[in-house]
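These notebook entries record what I looked up in the structure, element by element. I began with a term that the entries on packing require.

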Amino acid sequence: MRKTIHIHIGAHKTGTTAVQLFFAGNRAMLAERGLLYPAACEYLRGHHRLAFALQQSRRQINGEVPDFGAEIEGLKAEFDAAPCPAAFLSSEEFFALPPPRIGMLRQALSGYTVRIIAVLRRPDLLFESIFNQRTKMTTNRFCQPHTAFLDDPLALAGDLRFDRVLRNWSNAFGRENLAVYRYEERPNIVDSILPELGLTGDGLAIPDRRSNESVSVRAAEMIRHGKLAGLDGQALERLKAIGALRFPKESEEGRLLSPEERLDLLVRTDDMTDAVFDRYRLGPNLYHSRHAAREPQPPSVTFTMTDAMRLLADL
């Protein structure tokens, strides 16, 4: 019988870290149930080395670009030697790969049945979360304000282009081999993925869904302005720690986007989400702007001069 490889491709900010923590933490018990979570290609609990190898020059690990041939052969050798009939890979870095790179992966795995698992999130909330993630990272120089992306919100990250991404993967592996879930469906996305693998969570430790928590809007703004000021990584890390203490997320009552910005962003993505919900039979489009228009929207939050003065006083 052909073995099956399930590839969880993300997107970013849809509980991927919690998924990877769960599968890495339960590796031995999952293997007893017939599912291998490979050690090959692993980096920070996910199979990011394989994804980085496919991305080639775009991402590196410790100054090294992983070699695709070496990574894929290591993965296949481990899987072929294991008694498990199925394996599960996870990396959000797979999600927005271009078609030629997805084709390389398909060709390399031609001896296996391959199933793709994708998770979507409402565009406005995904926009906020990705913007926060890129801003809070002290290892990049991303320092644009969110308003720079409001005219074209999909330009912020390839993960927001649901229709294009899902079509690329379904074209490569077949629509019948692509399972699409919504981040909002269940309290923990692991609970959606396990049935796809023919498993239950009985006896397994399921981590909290929020394993890569965002910082508050004001703390993120501090980091962004620190980047604009040219602070080095060490200084940015100190600024990040100060911001987390002075502006804890749990005390913040608003969000990054104003109600008007949020509704406009959803209007701009309505056609895309309509097409995705229809093509992948996800039911009524719960990401449509009409749903948000009926909900009470939190106010926007900004880092003010008063905040800066209070921060200086604390320091």
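I count two residues as in contact when heavy atoms lie within 4.5 Å of each other. The model I consulted is predicted.

**Entry 1. Helix H3**

I asked which elements the buried residues of H3 pack against. I found helix H1 (16-25), helix H4 (68-81), strand E3 (86-90) and helix H5 (99-108). I then listed the buried residues of H3: His-48, Arg-49, Leu-50, Ala-51, Phe-52, Ala-53, Leu-54 and Gln-55. Eight of the eight residues of the helix (residues 48-55) are buried, so I describe H3 as largely enclosed by the rest of the structure. I also looked at what comes after H3: Gln-56 follows, and its phi is positive, near 60 degrees.

**Entry 2. Ser-91**

I located Ser-91 in the loop between E3 and H5. Is Ser-91 buried or exposed? Its relative accessibility is 0%, and the cut-off for buried is under 20%, so I entered Ser-91 as buried. I left aside neighbours within four places in sequence and listed the remaining contacts of Ser-91: His-8, Ile-9, Gly-10, Gln-20, His-47, His-48 and Ala-51. Of these, His-48 and Ala-51 also appear among the buried residues of H3.

**Entry 3. The sheet**

I traced an open sheet of five strands in the order E2-E3-E1-E4-E5, with parallel pairing. Which strands are at the edges? They are strand E2 (35-36) and strand E5 (178-182), each of which pairs on one side only.

I next took strand E1 (residues 4-8), which is mostly covered, with five of its five residues buried. In a regular strand, side chains alternate between the two faces of the sheet. I therefore checked each face of E1 separately: Thr-4, His-6 and His-8 are buried on one side, and Ile-5 and Ile-7 are buried on the other, so both faces are covered.

For the pairing of E1, I noted five bridges to E3 in the parallel sense. Thr-4 has Ala-86 as its bridge partner in E3. Five bridges also join E1 to strand E4 (residues 113-120), and these two strands run parallel. Within that pair, I found Ile-5 opposite Val-114 of E4.

I then moved on to E4. Seven of its eight residues are buried, so E4 is largely enclosed by the rest of the structure. E4 pairs with E5 over five bridges, in the parallel sense. I recorded two positions of this pairing: Ala-118 has Val-180 in E5 as its bridge partner, and Val-119 stands opposite Tyr-181 in E5.

**Entry 4. Helix H9 and its two partners**

Two packed helices are described by the angle between their axes and the distance between the axes. I looked up both values for two helix pairs that involve H9.

At what angle do helix H6 (residues 123-136) and helix H9 (residues 217-228) pack? I found about 50 degrees, with the axes 8 Å apart. That angle makes H6 oblique to H9. The crossing of H6 with H9 is left-handed. On the H6 side I listed Phe-131, Asn-132, Arg-134, Thr-135 and Lys-136, which meet Ala-220, Ile-223, Arg-224 and Lys-227 in H9. By class, the residues of this contact are three nonpolar, two polar and four charged.

For H9 and helix H10 (residues 233-246), the axes come within 8 Å and cross at roughly 160 degrees. H9 is therefore roughly antiparallel to H10. I noted a right-handed crossing here. Ala-219, Met-222, Ile-223, Gly-226 and Lys-227 in H9 meet Leu-236, Leu-239, Lys-240, Ile-242, Gly-243 and Ala-244 in H10. This contact comprises seven nonpolar, two polar and two charged residues. Ile-223 and Lys-227 of H9 are named in the contact with H6 and again in the contact with H10.

**Entry 5. Val-217**

I closed with Val-217, which is found in helix H9. Its relative accessibility is 10%, so Val-217 counts as buried. What does Val-217 contact, leaving aside its neighbours within four places in sequence? I found Glu-252, Arg-255, Leu-256 and Val-301. I also looked up the separation of the C-alpha atoms of Val-217 and Arg-122: these residues are 95 apart along the chain, and the atoms are separated by 19 Å.

How values were computed:
Residues are numbered from 1 along each chain as its sequence is written. This is a predicted model: local features need pLDDT of at least 70, side-chain atom pairs count only at pLDDT 80 or more; totals for chains, interfaces and linings use all residues. Side-chain values use heavy atoms; hydrogens and water are left out. Buried means under 20% relative accessible area, exposed over 50%, partly exposed in between (1.4 Å probe, protein chains only). Helices (H or I, at least four residues) and strands (E, at least two) are DSSP runs, numbered from the N terminus. Axes are lines fitted to C-alpha atoms, for helices over the stretch in contact, and angles run from 0 to 180 degrees between N-to-C directions. Angles under 35 degrees count as roughly parallel, over 145 as roughly antiparallel, 65 to 115 as roughly perpendicular and the rest as oblique. A crossing is left-handed if the near helix is turned anticlockwise from the far one by less than a right angle, and right-handed if clockwise. Ala, Val, Leu, Ile, Met, Phe, Trp, Tyr, Cys and Pro count as nonpolar, Asp, Glu, Lys and Arg as charged, and the others, Gly among them, as polar. Two strands pair if DSSP finds at least two bridges between them.
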